Amino acid sequence: MALEDPVLPVTAAARDLLAAPPRLFVGGGWIEASTGETIPVVDPATEREIARVPAAGAADVERAVAAARAAFDTGPWPRMRPSERERVLLRVADLIEAHGETFADLETIDNGMPRATVAPMAPMIAAKTFRYYAGWVTKAGGRTLPIDAPPFGGGEAFAYTRREPVGVVAAITPWNFPLGMVAMKLAPALAAGCTIVLKPAEQTPLSALYLMRLLQEAGVPDGVVNLVTGYGEAAGAPLVAHPRVDKVAFTGSTEVGRAIVRAAAGNLKKVTLELGGKSPFIVLPDANLEVAVMSAAQFSFFLSGQNCMCSSRLLVHRAVLDRFVAGLSAAAQAMAVGPGFDAGSQIGPLVSAEQRARVEGYLDAGRAAGAEVATGGRRLGDRGYFLEPTVFVNADPRMTIVREEIFGPVTTVQAFDDEDADALAARANDTEYGLVASVWTNDLSLGHRLAARIQAGNVGINNHGLADVTVPFGGYKQSGWGREFGSEGLDAYLETKTVTVIC
């Protein structure tokens with residue numbers, strides 16, 4: 001289905017993708033779904049259907065897994081010389097960069113993110129991720145280890161380890177930052193020598209579909225990466241449970257993460273999960289308040305608050321509380337909310353009507369519980385899934401808006417008086433999540449003490465959610481299993497084999 005708005009400023013390649021017939025990418029070819037059904041792709045800024053993609057079913061998943069299995073068991077990719085696999089991944093990075101404008105257009109029209117500021121980050125991050133893991137292909141080696149001589153027989157003994165690809169990977173990615181999340185899964189899996197079946201979120205499949213074209217152009221062999229679009233129940237569930245899948249890599253909600261763990265139990269496949277968060281943002285009285293306020297605004301409302309690092313629990317010392325709330329409210333009110341293609345937009349729509357309704361339910365719950373809205377809390381416009389950035393004050397740790405991940409442009413402010421590290425850490429750790437946290441203070445000694453006590457996978461001192469492909473990212477508690485990025489992100493796709501030798 002072609003774009004309804006002929007003046008929408010997207011590239012010709014983006015238009016070509018939107019007009020293409022609905023197809024899955026399996027075994028190096030574009031095929032129709034066995035179900036014959038399709039899913040509408042909706043522009044969240046206009047609520048208009050812009051394309052359709054296949055609604056894959058169990059039979060389609062079976063074909064995709066079979067293609068990935070054959071490519072792993074008998075194909076060239078796991079056996080390719082490391083330098084050759086490295087060159088392919090570098091070509092992928094170059095192609096993503098060369099097609100950056102198209103990717104940015106697709107992310108904006110599919111997800112709603114601002115085209116002028118946020119969307120260009122997606123291809124930049126994706127290209128960087130592929131380049132980083134391309135560099136690991138030639139460096140992920142094993143070790144030679146001394147061992148005691150065997151008790152029987154003569155000779156000497158030694159051992160060495162091999163790092164080998166885990167096998168067929170089911171990669172399931174979310175809708176909040178589509179291309180970046182796909183790259184986060186595909187790049188390390190491909191660097192390790194794995195083959196993949198990718199299921200992107202049904203709400204935002206466009207950039208993943210376009211990436212398949214570039215992977216083929218870069219020289220990724222047929223069957224190494226396969227893509228099925230579809231709903232979680234019909235396509236995701238059979239993919240996760242499939243007995244010939246060796247690993248699941250998932251980013252999404254904690255609720256779905258639990259379901260994946262249950263479904264993966266059949267063959268005890270390996271699982272990595274990057275799940276939800278309810279991130280504490282601790283502001284001490286000696287903090288640089290201007291910087292802390294702007295960072296709180298940025299991370300509370302980035303991607304319309306639809307980000308797992310969202311600074312949604314602002315713990316502010318009472319001595320600076322009024323100034324902080326005033327500054328944050330002013331920053332929220334100054335943010336331009338509008339369609340992603342509007343040059344001045346800083347915050348786009350939520351991804352869907354369902355997501356907007358979910359967030360509005362939390363707004364109602366917060367008011368009913370006695371929290372006060374300092375700013376925001378309303379729908380904007382009569383078309384598109386827009387909400388005002390919202391700041392709740394007088395929040396209580398027992399409130400639903402404080403305890404549950406909202407995944408929208410909503411943050412909460414709580415006051416504290418005690419600067420003791422143990423007491424502050426206890427406040428920060430009063431959550432089932434443990435993904436990101438931050439401490440804002442000029443007392444670096446206190447900052448380091450808090451960082452050691454806070455139960456989160458990523459703790460920032462005078463920064464929040466400072467992420468890079470070179471450093472591991474992941475969570476404690478119900479924020480997930482395993483790590484993305486860094487060498488740890490590659491480890492998740494490798495098995496370690498020990499070989500012992502008697503000479």
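A pocket, as I use the word today, is an open set of grid points with protein on both sides within 12 Å along at least five of seven lines. What I am showing is a predicted model. The largest pocket in this model has a volume of about 1,200 Å³.

Let me go round its wall. The largest pocket has 44 lining residues, and those nearest its centre are Trp175, Phe250, Gly252, Ser253 and Val256. Four elements each put at least two residues into that lining: helix α8, 232–241; strand β10, 247–251; helix α9, 254–263; and helix α12, 353–369. Of the elements, which one gives the largest share of the lining? That is α9, with 7 residues. Sorted by class, the lining of the largest pocket comes out as 20 nonpolar, 12 polar and 12 charged residues.

Now the second largest pocket, which holds about 630 Å³ of space. Its lining is made of 24 residues, with Met121, Ile125, Phe177, Met309 and Ala467 nearest the centre. Helices α5 (121–136), α6 (178–192) and α10 (289–301) are the elements that give two or more residues to this lining. The most comes from α5, with 4 residues. Here the classes are 15 nonpolar, 6 polar and 3 charged.

Next, closed spaces. Searching the whole structure turns up 6 cavities of 30 Å³ or more. About 70 Å³ is the volume of the largest cavity. Around the largest cavity are 13 lining residues, and Cys310, Ser312, Glu405, Ile406 and Phe407 lie nearest its centre. That lining has 6 nonpolar, 5 polar and 2 charged residues.

On to the sheets. One is an open sheet of 7 strands, in the order β14-β15-β16-β13-β12-β17-β18, and its pairing is mixed. Which strands stand at its edges? They are β14 (372–375) and β18 (458–461), each pairing on one side only. Neighbouring strands in this sheet are turned against each other by 25° on average, ignoring direction. Inside it, β12 (residues 280–283) and β17 (residues 436–440) pair in the parallel sense over 3 bridges. Phe281 has Ser438 in β17 as its bridge partner.

Helix α10, already mentioned for the second largest pocket, also belongs with this sheet. It lies across β12, β13 (313–317), β15 (390–393), β16 (410–416) and β17, and runs at about 170° to β12.

The other sheet I want to show is open, with 3 strands in the order β5-β6-β20 and antiparallel pairing. The edges are β5 (144–146) and β20 (494–502), and each has a single partner strand, so one side of each has no neighbour in the sheet. In this sheet too I have the average turn between neighbouring strands, direction ignored: 25°. Strands β5 and β6 (residues 157–165) are joined by 3 bridges in the antiparallel sense. Thr144 has Tyr160 in β6 as its bridge partner.

Last, a pair of helices. Two packed helices are described by the angle between their axes and the distance between the axes. Helix α1 (residues 12–19) packs against helix α7 (residues 206–218) at an angle of about 105°, and the axes are 11 Å apart. Angles from 65 to 115 degrees count as roughly perpendicular, so α1 is roughly perpendicular to α7. Which residues meet there? From α1 they are Ala13, Asp16, Leu17 and Leu18, and from α7 they are Leu206, Leu209, Tyr210 and Arg213. By class, this contact has 6 nonpolar, no polar and 2 charged residues.

Conventions. Residues are numbered from 1 along each chain as its sequence is written. This is a predicted model: local features need pLDDT of at least 70, side-chain atom pairs count only at pLDDT 80 or more; totals for chains, interfaces and linings use all residues. Side-chain values use heavy atoms; hydrogens and water are left out. On a 1 Å grid over the protein atoms alone, a cavity is a set of points where a 1.4 Å probe fits but cannot get out, and a pocket is an open set with protein on both sides within 12 Å along at least five of seven lines; lining residues have an atom within 4 Å of a point. Grid points are joined across faces, edges and corners, and a volume is the space filled by probe spheres set on the points. Ala, Val, Leu, Ile, Met, Phe, Trp, Tyr, Cys and Pro count as nonpolar, Asp, Glu, Lys and Arg as charged, and the others, Gly among them, as polar. Axes are lines fitted to C-alpha atoms, for helices over the stretch in contact, and angles run from 0 to 180 degrees between N-to-C directions. Angles under 35 degrees count as roughly parallel, over 145 as roughly antiparallel, 65 to 115 as roughly perpendicular and the rest as oblique. Contact means heavy atoms within 4.5 Å. Two strands pair if DSSP finds at least two bridges between them.
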